[in-house]
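Here is a set of short exercises to work through with the structure open beside you. Try each task before reading its solution.

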Amino acid sequence: MRAVKNLFVLYTGGTIGMLETPSGLAPAGGFEARMRDHLATCSDAPRLSWTLRELDPLIDSANMQQANWLAMRDAIVDAVERDGHDGVLVLHGTDTLAYSAAALSFLLLGLPVPVVLTGSMLPAGVPDSDAWDNLRGALHALENGMDAGVQLYFHGKRLHGCRASKLRSEAFDAFTVLPRERHGPTAEAVPDVLSYRQRRQPVNLAVMPMFPGVRAAHVRAVLASGVQGLLLECYGSGTGPSEDQALLDALSEAHRDGVVIAAISQCPEGAVQFDTYEAGSRLRDTGLISGGGMTREAALGKLFALLGAGLDAQACEHWFGLDLCGERVALG
C-alpha cells in the first residue's frame with residue numbers, strides 16, 4: 001500500500017453537494033470552495049494535497065448513463081497519466097453509486113493508483129449530515145495508504161468496488177457487501193484490450209428478471225430492441241421456466257445471433273450453479289453463461305466493459321467467465 005500525496009477529486013454531483021431549489025434538492029457547483037472551507041475548520045483534516053474537477057454536467061446519480069461512466073474514466077486516466085496524480089476520489093450520488101463503482105472497476109483494470117468513491121445520504125451542511133464524515137473518512141483512508149483498484153467508502157467502511165450494493169434507501173449505513181458465494185477460475189493476466197488504456201463505446205444492454213408468468217414474448221420484445229447483452233436475473237441457483245419451449249427457443253436464437261446472455265441469481269445471498277437442477281441445465285443449454293455470485297451491478301458493469309471494448313460474443317463470454325478483479329472469487 002502507498003500513501004496518496006497528490007489526490008485528484010472528481011465531483012460528479014449527487015446528494016453530497018446538492019443545494020435546495022424551488023423544485024427540491026439539485027446538484028450544485030462550487031463544491032471545491034465548500035470543501036476547502038470545511039477542512040480548514042477541522043483539527044483532523046487530512047494533509048494530502050488535492051485538486052478538484054467538476055464533471056460537466058453535474059448530475060443527480062439517478063440520471064446516470066454509460067456516457068457518464070466513460071467521462072469519469074477519461075477524467076481519471078488523464079489525471080493519473082497526464083497530471084501525475086497518485087490517487088483518485090470520486091464524489092457521487094448514492095442511487096447508482098454501486099453501479100458506478102462496479103463499472104469503474106472494469107473500466108480501470110490495471111490503473112496503478114487507488115480510486116475511492118463516496119457520497120452521502122444528506123447534503124453537506126445540513127444538520128446531522130453524513131457528508132463531511134464520509135468525505136474526511138475517504139481522505140484519511142487514501143492518506144494512510146491503499147492498494148490500487150476501485151473501492152467504495154461509506155459510513156466508516158471500505159467496500160470492494162465490484163461487490164458493493166445499496167441495501168438501504170435512507171439509513172447512513174446504506175451500502176454493504178452481500179454474502180454471495182464466490183468461486184471459479186481467475187484470469188492469469190488482463191489483456192491490453194481490457195486495460196484502463198482501452199477506450200470504450202456505449203453498449204445496448206438490458207436486465208430482465210425471471211418471474212412467474214414471464215413469457216417468450218417478453219424476452220423477444222427486449223431482444224428486438226437490439227441489445228448486445230442481456231443479463232437475466234434467475235431464480236435461486238440459476239433456474240427459470242424450463243418447460244416453456246418458446247422461451248428457451250427465444251434465448252437460443254438470440255445466442256446464435258450473437259447476443260451475450262448472462263445469468264445471475266435474484267437472491268441476495270445467491271449464486272448461479274446451473275447443474276443443481278434440470279431447470280438450470282436447460283437454461284444453460286440455450287447459451288447462457290454463468291455470472292456465479294456476481295451482483296447485478298458487477299455483472300452489468302462487466303458486460304459493459306467487455307462489449308464496449310469491441311470484443312465479439314465468444315471473447316466476451318470467455319472473459320465474463322473469468323475473475324478479473326475480485327468480482328467472482330473469494331478474496332484472501
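A helix crossing is called left-handed if the near helix is turned anticlockwise from the far one by less than a right angle, and right-handed if clockwise. Keep in mind throughout that the model is predicted.

**Exercise 1. Two helix crossings**

Task: Describe how H8 meets H9, giving the crossing angle and the handedness.

Solution.
- Step 1: Two packed helices are described by the angle between their axes and the distance between the axes.
- Step 2: For H8 and H9, the axes approach to within 10 Å, and they cross at roughly 140°.
- Step 3: Angles over 145 degrees count as roughly antiparallel and 65 to 115 as roughly perpendicular, with the rest above 35 degrees being oblique. That makes H8 oblique to H9.
- Step 4: Looking at the turn from near to far helix, H8 passes H9 in a right-handed crossing.

Task: Now do the same for H2 and H3: at what angle do their axes cross?

Solution.
- Step 1: The axes of H2 and H3 come within 10 Å of each other and cross at roughly 50°.
- Step 2: With that angle, H2 is oblique to H3.
- Step 3: The crossing in which H2 passes H3 is right-handed.

**Exercise 2. Aromatic pairs**

Task: How many aromatic pairs does the structure hold, and is the pair of tyrosine 11 and phenylalanine 31 stacked or edge-to-face?

Solution.
- Step 1: The count is 4 aromatic pairs.
- Step 2: In one of them, the ring centres of tyrosine 11 and phenylalanine 31 are 5.1 Å apart, with 25° between the planes. Planes under 30 degrees apart count as stacked, so this pair is stacked.
- Step 3: Place the partners along the chain. Tyrosine 11 belongs to strand E1 (residues 6-13) and phenylalanine 31 to helix H1 (residues 31-40), 20 residues apart, and the pair links these distant parts of the chain.
- Step 4: Check accessibility. Tyrosine 11 has a relative accessible area of 0% and is therefore buried; phenylalanine 31, also at 0%, counts as buried.
- Step 5: Widen the view: Tyr11, Phe31 and Trp132 form one aromatic cluster.

Task: What is the geometry of the pair formed by tryptophan 69 and phenylalanine 304?

Solution.
- Step 1: The ring centres of tryptophan 69 and phenylalanine 304 lie 5.4 Å apart and the planes are at 55°, so the pair is tilted.
- Step 2: Tryptophan 69 sits in helix H2 (residues 66-81) and phenylalanine 304 in helix H8 (residues 296-308), so the contact ties together parts 235 residues apart in sequence.
- Step 3: Both tryptophan 69 and phenylalanine 304 are buried.

**Exercise 3. Salt bridges**

Task: Which residue does aspartate 74 meet in a salt bridge, and which network includes that bridge?

Solution.
- Step 1: The partner is arginine 199, with an N to O distance of 3.1 Å.
- Step 2: Aspartate 74 is in helix H2, while arginine 199 is in the loop between strand E10 (175-177) and strand E11 (205-209), 125 residues apart.
- Step 3: Aspartate 74 is partly exposed at 22% relative accessibility, whereas arginine 199 is exposed at 53%.
- Step 4: Salt bridges with shared partners join Arg73, Asp74 and Arg199 into one network.

Task: Are lysine 302 and glutamate 327 buried or exposed, and what else does lysine 302 sit over?

Solution.
- Step 1: Lysine 302 and glutamate 327 form a salt bridge whose closest N and O atoms are 2.6 Å apart.
- Step 2: Lysine 302 lies in helix H8 and glutamate 327 in the segment after helix H9 (313-320), so the bridge ties together parts 25 residues apart in sequence.
- Step 3: The cut-off for buried is under 20% relative accessible area. Lysine 302 is at 0% and therefore buried, and glutamate 327, at 0%, is buried as well.
- Step 4: The charged end of lysine 302 also sits over the ring of phenylalanine 320, 5.4 Å from its centre.

Conventions. Residues numbered from 1 in each chain as written. Predicted model: local features only at pLDDT ≥ 70, side-chain atom pairs only at ≥ 80, totals over all residues. Heavy atoms only, no water. Phe/Tyr/Trp six-rings, centres within 6.5 Å; stacked < 30°, edge-to-face > 60°. Helix = DSSP H or I, 4+ residues; strand = E, 2+ residues; numbered from the N terminus. Buried < 20%, exposed > 50% of the residue type's maximum accessible area, 1.4 Å probe, protein only. Lys NZ or Arg CZ within 6 Å of the ring centre and 35° of its normal. Salt bridge = Lys/Arg side-chain N within 4 Å of Asp/Glu carboxyl O. Axes fitted to C-alpha atoms, helices over the stretch in contact; angles between N-to-C directions.
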